[in-house]
Amino acid sequence: MKVAGLFAGIGGLELGLGEASHEATVLCEILEPARSVLAARFPEARVERDVRDMASLPGDVDLLVAGFPCQDLSQAGLTAGISGARSGLVGEIFRLLDHRRTPWVVLENVSFMLHLNGGKALATLVEAFEERGYRWAYRVVSTLAFLPQRRERVLFVATTTDVDPADVVLVDEVRPSKGGTSLDLHAHGFYWTEGVRGLGWAPDAIPTLKNGSTIGIPSPPAILLPSGRVITPDIRDAERLQGFPIDWTTPALDVARPSSRWTLVGNAVSTPVASWLGERLRSPGRYEADRDRAMMGGGRWPRAARFDGHRRSASEIGAFPVWRDRAPLAQFLRFPGKPLSARATLGFLTRTERGSLRFAPGFQDRLRAHLRVMQAGGLDLSGDSAAIAAE
């Protein structure tokens, strides 16, 4: 299919769809660093700046994809529907669809969209599609099915064709192959910026890559390696943990500071998730109707659901469409990473001691050992030095 990508970021959706033979012909993104990446990585596509300035979509576009800001969906749910939010970015999607309804639409967003405004925001969204003659299906999908990153996102598929969207997004399910982990054998990711109410603990994986602070300071997760070293990953490994080739975001350096690359990667769609979806768009499966469940009341939306043109149903299906073999996280990382600073380590440990979270046995001891080494001059924790520090 010919693809138009709105709010395209650095092209995670479009890159993954391209791996399944779909072609991005027009992209739209307002952030200049992301636009630099798109221009360099999608040289055949036209790159527009502002969706509000787009009069219409090209006539040959079959598939409209968008990872719109979650806040705009929230605002739509507080107003008189999509038309009441026409000044918001989510309304721009439907403005373009009202001009020409593309046969297919794919939306991507954080799983929190299911709970915005007590479910009113998503209700507004699906009603807007139903009013325009679309059937739809959505599902929470985890990046962990493909890569060592724990990241859940909603994939929403709508169509006016004869294909059931459930045959695209509500097929394929496996049980994740998660074995036991050990601090001595596996790397473990966590949020060093937390420690009181949450940790983001991820055995043999990292927690969700985020886009940094509101003032542009990157805050990548920390990784406790089996050697005892505590690092934050290199930006090139962060790109790989989202499925991008190494240095995918370097064109951003032409217009922005290096820290902007973390924002771009943290905001991106994981490319193998998009690639799986692209394969199913090209070759749909067959939805098993016995997965249907009654919709919950009270404005609560399930983690997977569909509309067949007549009624809405929840769907009993998990977040893992596949389980791709991958190297353990410690071996997946190709670059040394940056040792977590003494200040960051001390702040994290202080918060853990103040809170009531329970940790894997030995975790805090290893953090204290890392802190002593960093305070002593930042020697690498590896081999004998790790044992000495632990003692």
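Which residue stands opposite V65 in strand 4? G5 does. Bear in mind as you click through that this is a predicted model.

## Strands 1, 4, 5 and 7

Let's begin with strand 4, residues 63-66. Strand 1 (residues 2-6) runs parallel to strand 4, and four bridges join the two. Four bridges also link strand 4 to strand 5, again in a parallel arrangement. V65 is a handy marker here: G5 stands opposite V65, and so does V106 of strand 5.

What about the side chains of strand 4? In a regular strand, side chains alternate between the two faces of the sheet. Here L63 and V65 point one way, while L64 and A66 point the other way. All of these residues are buried.

Strand 5 covers residues 104-110, and six of its seven residues are buried, so call it mostly covered. Strand 5 also pairs with strand 7 (residues 152-159), this time antiparallel and through seven bridges. If you want a spot to look at in that pairing, try V105, which stands opposite A158 in strand 7.

## The open five-strand sheet

There is also an open sheet of five strands, ordered 9-8-10-11-15, with antiparallel pairing. Strand 9 (202-203) and strand 15 (338-339) sit at the edges with a single partner strand each, so one side of each has no neighbour in the sheet.

At the strand 9 edge, the partner is strand 8 (residues 188-190), joined to strand 9 by two bridges and running antiparallel. In that pairing, H188 stands opposite P203.

## Helices 12 and 13

Now for a helix pair. Two packed helices are described by the angle between their axes and the distance between those axes. Helix 12 spans residues 342-354 and helix 13 spans residues 363-375; their packing angle is about 150 degrees, and their axes are 9 Å apart. Anything over 145 degrees counts as roughly antiparallel, and therefore helix 12 and helix 13 fall into that class. Their crossing is left-handed.

Who meets whom? On the helix 12 side, the residues are A342, T345, L346, F348, L349, T352 and E353. Helix 13 brings F363, Q364, L367, R368, H370, L371, M374 and Q375. Sorted by class, this contact has eight nonpolar, five polar and two charged residues.

## L264 in helix 9

L264 lies in helix 9, which covers residues 260-267. Is L264 buried or exposed? Its relative accessibility is 7%, and since buried means under 20%, L264 counts as buried.

Setting aside residues up to four places away in sequence, L264 touches I10, P33, A34, V37, T249 and A252. For another reference point, take E239: it is 25 residues from L264 along the chain, and their C-alpha atoms are separated by 9.5 Å.

## G118 in its loop

Last stop: G118, found in the loop between strand 5 and helix 6 (120-131). Which residues is G118 in contact with, leaving aside neighbours within four places in sequence? The answer is G298 and G299.

G118 can also be placed relative to helix 13, where F363 is one of the residues meeting helix 12. The C-alpha atoms of G118 and F363 are separated by 37 Å, with the two residues 245 apart along the chain.

Technical notes:
Residues numbered from 1 in each chain as written. Predicted model: local features only at pLDDT ≥ 70, side-chain atom pairs only at ≥ 80, totals over all residues. Heavy atoms only, no water. Axes fitted to C-alpha atoms, helices over the stretch in contact; angles between N-to-C directions. Parallel < 35°, antiparallel > 145°, perpendicular 65-115°, else oblique. Left-handed = near helix turned anticlockwise from the far one by under 90°. Contact = heavy atoms within 4.5 Å. Nonpolar A, V, L, I, M, F, W, Y, C, P; charged D, E, K, R; others polar. Buried < 20%, exposed > 50% of the residue type's maximum accessible area, 1.4 Å probe, protein only. Pairing = 2+ DSSP bridges.
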